[in-house]
Amino acid sequence: MRVRRKLPPGASPPPRRRRWRRLAIAASAALAVPFALHGGLNSSAQAAEFGCEVDYTANDWGSGFTANVTLRNTGTSAIDGWTLTYSYTGNQQLQQGWSGQWSQSGQNITVRNAAWNGTIAPGASTGFGANFSYSGSNEAPTSFAVNGTTCGEEPVEDPSVIASPTSVALTPGETGTFGLRLSNQPDSNVTVSVSRTSGDTGITVSGGSSLTFTPANWDVPQTVTLSASASAASSAVITASAPGHEPATVTATVRTTADSEYEERFLELYDKVMDPANGYFSPEGIPYHAVETLIVEAPDHGHETTSEAYSYLIWLQAVYGKITGDWQPFNDAWATMEQYMIPGAGDQPTNSFYDPSSPATYAPEHPQPSGYPSALDGNVAVGQDPLANELSSTYGTDNIYGMHWLQDVDNVYGFGNEPGNMCAGGPQSDGPSFINTFQRGEQESVWETVPHPSCDDYDYGGPNGFLDLFIDDDGYAEQWRYTNAPDADARAVQAAYWAKEWAAEQGNASAVAATVEKAARMGDYLRYAMFDKYFKQIGCSSPSCPAGTGKNSAHYLLSWYYAWGGATDSSAGWAWRIGSSHTHFGYQNPMAAWVLSTDSDLIPDSPSADQDWGTSLQRQVEFYRWLQSAEGGIAGGATNSWGGDYSTPPSGTPTFYGMYYDEAPVYHDPESNTWFGFQAWSMQRLAEYYYSTGDQMAGEVLDKWVDWALSETTIGSNGDFAIPSTLSWTGAPDTWNAANPGANNNLHVTVESTSQDVGVAGSFANTLAFYAAASGDTEAQAAAKGLLDAMWFHMDDIGIATTEVREDYERFDDEVYIPAGFSGTMPNGDQIQPGATFESLRTFYHDDPNWQKVEDYLNGGPAPEFEYHRFWAQSDILVAMGVYADLFGE
């Protein structure tokens, strides 16, 4: 019998020693030994540091045990083939192993990679395990080695020159740039020399050939400019070297000239966005939410980022590969996402304790932040997780392969939850740092949130960290937790499909094959978004409604989130997972569902994945049809948990496969159905699907939606345009009847205001382009072209932007609800206590260069104006330009 110690989320574990260092060893019935290794193996191209982390867990039943091992690549280059070795001190005998080639000689164990898991990208991990018998004692191994290098040694990082990006595309007769910085603070000035060391002589260093870094500016990127002569036609290697430092190399490639006007525009804007000097990216190559730092939306700071931004980077680079034939940036974008935004084995260390028959302990949601903390209630039955065992068996690991949604890239808050360095960083960390904000019900706007770390070890916040702001429990435990935004992961899958198709058209499908395989894996885990929050059966209208078994807790739509977490202490391990009961039309992605259910390269490996995604595809298309108003706009969504606590909905509430119509799912400040951006985003995916398949119902929905959206849009001259912005709704849809859908004559939408939101306009143009290509609608094509032309008029030095008046910034003074008796601090000392405000929890904004005009507004002055350069917005415009050029050859 296998014994596994497990506690529910929030339960108080037995006394334990806090693990401050990764070399500490905890031994009990469930053994867990994490090891970190950073050796001095470097590649000349990137001064690549070899690094790994080994997590060893033994589940012991007295005469035998199961050893679960996770190997994570914490270095900066891929591990291509691995051999893990370690030794026991007793008489442990190998019985059988899996997901690797296990062998034993005396007390020495060797594990070699299997054929499918030999390559581990930076930040990625692979899991494997074995059963052993023994008698007497069963001490955990105290040392591991990977490819002959002993684990457990302190990092020894050679000083190096770091380049970002590591590849630059050049047009003949034009220039391109990249940034350089140092990896470590030097004792004195360091001069970096930059020159072409091989390749096309038509590529030269025209600026920044000699750069000086000081002890003060060593980590501030400086710009190198490359020039390509009119005759340049291939590539060159550029080397940046400095005495006592590992050099950095950058590959400069001359790209083919654009074939059309919109391809030319794409490349011009692409170069602005990718230019390090323009501020869209961190030194690590992570896309910021915006260039500007003072911006409050779903992210509450411009140099945070989201899984959305990572997915847009992948999509943008797919289009770039289509236009240029260079697929390295696409692969690099996925690798960056995998390294920094998908929690690795060290970031989710206790998943092996997860029990799919008891996924999580129920806690009701409340409409107002003042209803929190919410009490855990173990008396409410939760259903079974039908995915966990299938996924663990398929991939040989209990870890989730999905993005967390929010990251503090510059570690502005100071939590320092760096990927691979869970709970360890603090304010001195450079970032990026996993964080979270929204936790307290539908009325909690961004202005009412308390930012907190994804790994809570009580260093900040109150005596229980931040946990008792959200959950009321008899005892608390240090823990990690992540939240996935399904629309972002689905967008990444969608982009991978197009990369595959376009690379194949170029005869180069192999260039993206490995990344496409990872996208299929992401789609496998994305199925968690199809399930009720607590895996209750669909049609639930009371906390006592039946717990789900099998897949009768699946609504098969893409819900607002899925989440997972667990204890930081493996000696008292537990873990949990939840889906989401709330579904919004704006998160649906029938294009991703289609490719995950039909494309042989993207169907996930799990046995039931293709069937699940096939069901989801049909359900999503029907969802749009059910929610379509009489005018054509798409209404909010549906829920399986009325009020977030499985209450009984009002009598007569329309239903969709047992779920209840929700006019504004998930959040009410502002209401989630009012932003036209969700219309454009979601209809773009439906239009791609219609273009690819000709699906009749999708076409009917789009026919009506496009007519409505165009009737509310104006496009003039000299950059003048207006698209819908704020919507209002009345009525409700008919209860869904798949055999005879209703006309929804009582569901209506009104456009309350218009705007020049360039990101939404980009997505709208993309939608119109795909719809026009599928239907032959010339008016839609002309509108797509008109929007692209109008936005081009608003090009500035670093991108496309229009002026925004931010009257909502009066809410900097909004009070943030803190329960009576709670007292704590943020890492910078800001006080978390009753009476706190959005501003008082974020006093770092006082040092922002744009703070003065916000402060003037708070003191009675005019509403501040900004021209924001959001990364997702630039990407939406770029993708639309590339799509328009591809579909219409212009």
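Modeller: Let's start with a rule: two strands count as paired when DSSP finds at least two bridges between them. Keep in mind that the model above is predicted.

Biologist: Thanks! How many bridges join strand β16 to strand β20?

Modeller: First, the general idea: strands of a sheet pair through backbone hydrogen bonds, and the pairing is either parallel or antiparallel. Here β16 (residues 190–199) and β20 (residues 235–242) are joined by six bridges and run antiparallel. To find one of them, start at V194, whose bridge partner in β20 is A240.

Biologist: And how many bridges join β20 to strand β21?

Modeller: Seven bridges connect β20 with β21 (residues 245–254), and this pair is antiparallel too. For an example, look at S235, which has T253 as its bridge partner in β21. β20 and β21 form a hairpin with two residues between the strands, and there G244 has a positive phi near 75 degrees.

Biologist: Let's move on to open sheets. What is the order of the strands in the sheet that contains β32?

Modeller: The order is β32-β33-β35-β34, an open sheet of four strands with antiparallel pairing. β32 (582–584) and β34 (655–656) are its edge strands, each pairing on one side only. Follow β32 to its neighbour β33 (residues 637–639), and you will find three bridges in the antiparallel sense. Within that pairing, H582 has T639 of β33 as its bridge partner.

Biologist: Let me try another. Which are the edge strands of the sheet with the order β22-β24-β25-β26?

Modeller: That open sheet has four strands with antiparallel pairing, and its edges are β22 (304–306) and β26 (452–453), each paired on one side only. β25 (residues 433–436) meets β26 over two bridges, in the antiparallel sense. One partnership to look for is N436 with H452 in β26.

Biologist: Now the backbone angles. Which residue has a positive phi although it is not a glycine?

Modeller: As background, most residues other than glycine have a negative phi, and most peptide bonds are trans. Y458 takes a positive phi of about 70 degrees without being a glycine. You can find Y458 in the loop between β27 (455–456) and β28 (471–472).

Biologist: Where does the peptide bond to P165 start, and is that bond cis or trans?

Modeller: The bond runs from S164 to P165 and is cis, with omega near -5 degrees. P165 sits in the loop between β13 (161–164) and β14 (167–170). The peptide bond from D669 to P670 is likewise cis, with omega near -5 degrees. P670 belongs to the loop between β35 (659–662) and α9.

Biologist: Next, charged pairs. With which residue does E390 form a salt bridge?

Modeller: For this kind of contact, we look for a side-chain nitrogen of Lys or Arg within 4 Å of a carboxyl oxygen of Asp or Glu. By that rule there are 24 salt bridges. E390 forms one with R527, where the closest N and O atoms are 2.8 Å apart. E390 is in helix α4 (residues 388–395) while R527 is in the loop between α6 (513–525) and β30 (562–567), so the pair ties together parts that lie 137 residues apart in sequence.

Biologist: How many cavities of 30 Å³ or more are there?

Modeller: The idea is that rolling a probe the size of a water molecule over the atoms shows where empty space is left. The count here is three cavities of 30 Å³ or more. The second largest has a volume of about 40 Å³. Its lining consists of Y312, W315, R491, Q494, W681, Q684, R685, S763 and D876. The elements giving two or more residues to that lining are α2 (307–324), α5 (486–505) and α9 (676–693), and α9 gives the most, with three residues. By type, the lining of the second largest cavity divides into three nonpolar, three polar and three charged residues.

Biologist: One last thing: what is the mean pLDDT of the chain?

Modeller: The mean is 90, and 93% of the residues reach 70 or more. Over residues 1–48, though, pLDDT stays under 50. Where pLDDT is low, the predicted coordinates should not be read in detail. The model has 173 contacts beyond four places in sequence for residues 1–48.

Technical notes. Residues numbered from 1 in each chain as written. Predicted model: local features only at pLDDT ≥ 70, side-chain atom pairs only at ≥ 80, totals over all residues. Heavy atoms only, no water. 1 Å grid on protein atoms, 1.4 Å probe; cavity = no way out; pocket = protein on both sides within 12 Å on 5 of 7 lines; lining within 4 Å. Points joined across faces, edges and corners; volume = space filled by probe spheres on them. Nonpolar A, V, L, I, M, F, W, Y, C, P; charged D, E, K, R; others polar. pLDDT = per-residue confidence, 0-100. Contact = heavy atoms within 4.5 Å.
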